Amino acid sequence: MSMSEPTPEGRFGDFGGCYVPETLVPACQELDGAFRAAWADEAFRRRLDDLLRDYAGRPSPLTECPRLSAELGLRLLLKREDLNHTGSHKINNVLGQALLAERMGKTRLVAETGAGQHGVATATAAALLGMECTVYMGEVDVSRQELNVFRMRLLGAEVHAVATGSRTLKDAINEALRDWVATVERTHYCLGSVMGPHPYPWMVREFHRVIGSEARRQCAELVGGDPDVVVACVGGGSNAAGIFSGFADGDAELVGVEPAGGAAVGRGTPGVVHGSLSYLMQDEFGQVLEAESISAGLDYPGVGPEHAHLARTGRARYENVTDGEVLEAFELLSRTEGIIPALEPAHGLAWISRERQALAGRTVLLNLSGRGDKDVDLVMGLQG
Amino acid sequence: MSGSRPGRLEASLRAARDRGRKCLVPYITGGLEGWEAAVEAAAAAGADTVEIGIPFSDPVMDGPTIQAAGDRALAAGATPGGIVAAAAELDVGVPLVVMTYYNIAHHMGHRRFARSLAEAGVSGAILADLPLEESGPWTVAADDAGVETVLLAAPTASAERLAAVCARARGFVYAVGLLGVTGERATLAASAVVIAGRLKEITDLPVLVGVGVSTPAQAAEATTVADGVVVGSAIVRRLLEGQGPEGVGSFVAGLRRALDGAGP
Ligand SMILES: Cc1ncc(COP(=O)(O)O)c(C=O)c1O
């Protein structure tokens with residue numbers, strides 16, 4: 001199976017769709033048309049490719065991990081999205097959406113952010129293209145990702161701390177949607193993951209497809225073919241969708257790793273929030289539950305609809321790990337390879353480390369979606 | 001279908017319009033302390049229909065006032081089933097409509113939710129994040145149960161889109177008065193009268209303006225074109241401030257007087 005276009009209504013199997021207030025429907029339809037046209041336009045693609053190369057630093061390397069591989073008894077490869085400009089995979093999507101917004105004549109970007117990486121990337125693209133930028137971030141995340149708040153402000157963005165609900169990513173998205181409802185004529189909502197109403201899940205995955213395409217080529221050169229297993233952390237699921245899209249039509253196992261406290265696929269049921277039908281952590285009445293994770297970027301009760309489809313069809317499977325396991329993995333990679341990962345991709349490594357016996361002797365590719373600078377403070381605090 | 005007989009909600013709003021009366025639809029968040037008495041007070045003070053909100057955890061079409069009311073109701077243990085059951089006990093003499101978000105209906109099951117509304121005597125439903133394109137499975141169940149699905153029509157819509165919305169709307173067409181979420185505004189947005197006018201040209205259904213209608217003067221201004229108004233945050237704020245059913249009743253009576261003055 002390959003990860004291709006959803007239906008015109010934005011369905012991946014049973015999941016997806018466009019569940020937004022009526023005010024936003026024309027904007028979503030306009031975006032769908034604009035994205036289709038841009039994606040088929042060589043000049044647009046060239047401009048994005050140039051920015052990805054000359055500004056963001058792509059292609060990102062594929063790194064062998066000899067010491068950690070020896071310790072785990074498998075062959076571990078890292079796709080180094082942490083080395084992109086701004087420090088995570090988020091820049092791939094943001095450069096695409098910012099160019100698209102400009103092409104649609106929008107002068108302002110609004111974004112939600114959890115860990116702050118998507119907010120920083122959006123603020124960066126806005127600075128680059130001379131656009132206004134407003135970022136919504138839950139109060140809890142503002143205090144646990146202070147460094148990124150400062151970076152966004154330095155880049156000229158307005159950052160609003162959101163004090164409603166769980167005061168994390170879910171509520172930041174609510175607030176960004178409310179902003180967009182009021183400002184839709186001149187504002188583009190630069191959504192940060194493969195979630196939300198159609199065309200976002202598809203469009204954001206396409207902007208991240210570059211991760212999987214590069215990785216497949218790099219794996220062919222380095223190991224002579226696809227890895228046995230491809231692993232990525234899953235919040236909304238954008239870095240996972242990006243790397244999975246390069247391998248979905250082959251034989252590699254695809255594994256998404258969720259936080260135990262935000263396991264939408266693992267513990268959720270089908271539901272609709274933030275524009276699409278997908279797996280969702282909700283109570284018996286359909287009220288959305290609050291996620292709880294050490295990682296601000298994965299602290300979300302939902303998941304992108306294409307992941308729900310990949311899970312239901314069995315093409316990918318979804319596992320979860322605890323905060324404790326994540327902290328161990330964070331230290332493990334730092335100590336053995338000299339790479340400090342973000343807490344989000346440390347989830348992927350935590351699962352690999354736990355399953356080392358089952359994975360013995362196999363080639364495992366982990367999408368290292370971001371670097372850990374933003375988390376060093378938090379981990380330092382936990383170690384007392 | 002357009003050929004079928006209008007439901008109770010549409011029939012009663014049409015009857016009011018035929019009498020030269022402007023329609024008044026107060027919104028009250030279900031599950032707030034004293035909400036049932038507030039619904040009764042609003043009806044007694046001259047409402048033509050009362051809209052009862054079923055709180056949802058992530059109300060993206062709502063501003064701070066209705067968000068706060070929903071949070072308070074949920075914290076007090078409000079559930080969709082509980083609110084609908086309490087609505088069944090109300091005897092207010094005007095049709096009731098519930099307003100909520102799609103996941104509440106989806107989670108309970110379209111048929112079960114629609115049937116529960118019908119059995120409680122609720123005439124209509126508004127699902128704030130269920131646009132026309134996605135509304136099929138719900139509207140089939142709602143039609144079967146005899147529940148009228150009110151659709152929103154926004155200033156951002158093209159002429160074709162407004163026509164499609166009007167063709168599928170039941171009860172009335174909810175004209176979104178401005179670009180933005182619910183909440184009180186100092187003045188009525190110019191877009192309120194514009195969207196009402198665009199809709200009046202293409203539909204015979206009652207056209208009611210909501211979102212950003214917060215004072216008697218604004219209600220009167222909106223109904224120079226529209227058939228009526230929906231007023232939410234200005235009422236819910238009074239409940240949150242502890243003004244109780246009396247506060248709601250006297251505010252709704254003021255809206256009623258303003259609308260009657262503006263009638264032909
Ligand atoms: C480094 C990193 N990885 C992953 C994520 C989670 O997003 P997604 O699941 O969309 O890849 C984030 C989000 O903030 C992040 O910063």
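**Around the ligand**

Modeller: A polar side-chain atom of Lys90(A) lies 3.0 Å from an oxygen atom of the ligand. The model is a predicted one.

Biologist: What makes the pair formed by Lys90(A) and the ligand a polar contact?

Modeller: A polar contact requires N or O atoms within 3.5 Å. The distance at Lys90(A) is 3.0 Å, so the pair qualifies. The side chain of His89(A) has an N or O atom 3.2 Å from a ligand oxygen, and a polar backbone atom of Gly235(A) is 2.7 Å from an oxygen atom of the ligand. Of the 390 Å² of accessible area that the ligand has on its own, the protein covers 98%.

Biologist: Which residues are closest to the ligand, and how many surround it?

Modeller: The ligand is surrounded by 18 residues, with Ser193(A), Gly235(A), Gly237(A), Ser238(A) and Ser369(A) the closest. By class, this shell comprises 5 nonpolar, 11 polar and 2 charged residues.

Biologist: How do you know where the ligand lies with respect to domain 1 and domain 2 of chain A?

Modeller: Domain 1 (11-51 + 90-200) and domain 2 (58-88 + 210-383) both contribute residues to the shell, so the ligand lies between them.

Biologist: Which cavity does the ligand take up?

Modeller: The ligand occupies the space of the largest cavity, whose volume is about 300 Å³. The lining of this cavity consists of 30 residues; nearest its centre are His89(A), Lys90(A), Gly297(A), Leu298(A) and Glu344(A).

Biologist: How many cavities of 30 Å³ or more does the structure hold?

Modeller: There are 7 cavities of that volume in the structure.

Methods
Residues are numbered from 1 along each chain as its sequence is written. Chains are lettered from A and ligands numbered from 1 in the order in which they are written. This is a predicted model: local features need pLDDT of at least 70, side-chain atom pairs count only at pLDDT 80 or more; totals for chains, interfaces and linings use all residues. Side-chain values use heavy atoms; hydrogens and water are left out. A residue is near a molecule or strand if one of its heavy atoms lies within 4 Å of it. A polar contact is a pair of N or O atoms within 3.5 Å; within protein, one must be able to donate a hydrogen and the other to accept it, and residues adjacent in sequence count only if both atoms are side-chain atoms. Accessible areas come from the Shrake-Rupley method with a 1.4 Å probe; for residues, only the protein chains shown count as cover. On a 1 Å grid over the protein atoms alone, a cavity is a set of points where a 1.4 Å probe fits but cannot get out, and a pocket is an open set with protein on both sides within 12 Å along at least five of seven lines; lining residues have an atom within 4 Å of a point. A molecule sits in a cavity or pocket if more than half of its atoms lie within 2 Å of its grid points. Ala, Val, Leu, Ile, Met, Phe, Trp, Tyr, Cys and Pro count as nonpolar, Asp, Glu, Lys and Arg as charged, and the others, Gly among them, as polar. Domain bounds come from an automatic or database domain assignment. Grid points are joined across faces, edges and corners, and a volume is the space filled by probe spheres set on the points.
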